[in-house]
Amino acid sequence: SDAKPGLVFQQLVSGSSGNPILLLDELDKVHSDGGRHDPYGPLYDLLEGHSAREFRDEYFPLPIDATQIQWIATANREEGIPDPIRSRMQIVEVPPPDRAQRRQILPFLYANLLQEAPWGRIFSPHLGAEFCEALIDRCPTPRAMRQVLEQTCARAAVGKGRLTALEDAE
């Protein structure tokens, strides 16, 4: 009663582009529901040229050509993706940012945090150099940097500290 066309069908038939880009975020974290349904099932056909040419949506079972879709998948661990799916992809490994790159990323993370957080307006738009260097030293990834920034700013916003103390945020 509540059936509707799938995302692939919607993008190809009603989307604004003839060759949509579909992002599969954290593909390594997909889990099965105990064997009744393989969540990777449709990808076996959609990532293979000859079968993608005759893709059939369960809602609308007429064949549609899905070969124009550009697929991008992200994953933290390549090993978490089944071999048959990996064999249909071009793997591009993105290393974590080095110290210089983290130094460039940090101002953007901080600016976004100040925009998103209701208390963001009470802080200076710039971080102190000493705080930046300590944060860059302690946090190897942008996600870790953002988490520490959030914790530190939240504590400072409620009057429990200043933006110079990283110890309390860990």
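**Notebook: aromatic pairs and the packing of α5**

I began with F9, which counts as buried because its relative accessibility is 10%, below the 20% cut-off. The model I am reading is a predicted one.

**Entry 1, aromatic pairs.** I searched the whole structure for aromatic pairs and noted 2. F9 forms one of them with F60, and I logged this pair as tilted, with 5.0 Å between the centres and 45° between the planes. I then looked up where the two rings sit in the chain. F9 belongs to helix α1 (residues 7–14), while F60 lies in the loop between β2 (55–56) and β3 (63–64). The two residues are 51 residues apart, so I entered the pair as a link between distant parts of the chain. Is F60 buried, exposed or partly exposed? I found a relative accessible area of 35%, so F60 is partly exposed.

The other pair I wrote down is W119 with F123. Here the centres are 5.7 Å apart and the planes stand at 85°, which I recorded as edge-to-face. I checked accessibility for this pair too. W119 has a relative accessible area of 22% and is therefore partly exposed. F123 has 14% and is buried.

**Entry 2, α5 against α7.** Next I turned to helix α5 (residues 99–116) and helix α7 (residues 142–157), whose axes come within 10 Å and cross at roughly 45°. The two helices are therefore oblique to each other. I noted the crossing of α5 past α7 as right-handed. Which residues of α5 meet α7? My list for α5 reads R102, I105, L106, L109, Y110, N112, L113 and E116. On the α7 side I have P142, M145, R146, L149, E150 and C153. By residue class this contact divides into 9 nonpolar, 1 polar and 4 charged.

**Entry 3, α5 against α6.** I then looked at α5 with helix α6 (residues 129–138), where the axes come within 10 Å and cross at roughly 125°. That angle makes α5 oblique to α6, because it falls outside the 65 to 115 range for roughly perpendicular and is not over 145. I recorded this crossing as right-handed. From α5, the residues R99, R102, R103 and L106 take part. They meet C132, E133, L135, I136 and D137 in α6. How many residues of this contact are charged? I counted 5 charged, 4 nonpolar and no polar.

**Entry 4, cross-check.** I went back over the two lists for α5. R102 and L106 appear in the contact with α7, and R102 and L106 also appear in the contact with α6.

Conventions:
Residues numbered from 1 in each chain as written. Predicted model: local features only at pLDDT ≥ 70, side-chain atom pairs only at ≥ 80, totals over all residues. Heavy atoms only, no water. Axes fitted to C-alpha atoms, helices over the stretch in contact; angles between N-to-C directions. Helix = DSSP H or I, 4+ residues; strand = E, 2+ residues; numbered from the N terminus. Parallel < 35°, antiparallel > 145°, perpendicular 65-115°, else oblique. Left-handed = near helix turned anticlockwise from the far one by under 90°. Contact = heavy atoms within 4.5 Å. Nonpolar A, V, L, I, M, F, W, Y, C, P; charged D, E, K, R; others polar. Phe/Tyr/Trp six-rings, centres within 6.5 Å; stacked < 30°, edge-to-face > 60°. Buried < 20%, exposed > 50% of the residue type's maximum accessible area, 1.4 Å probe, protein only.
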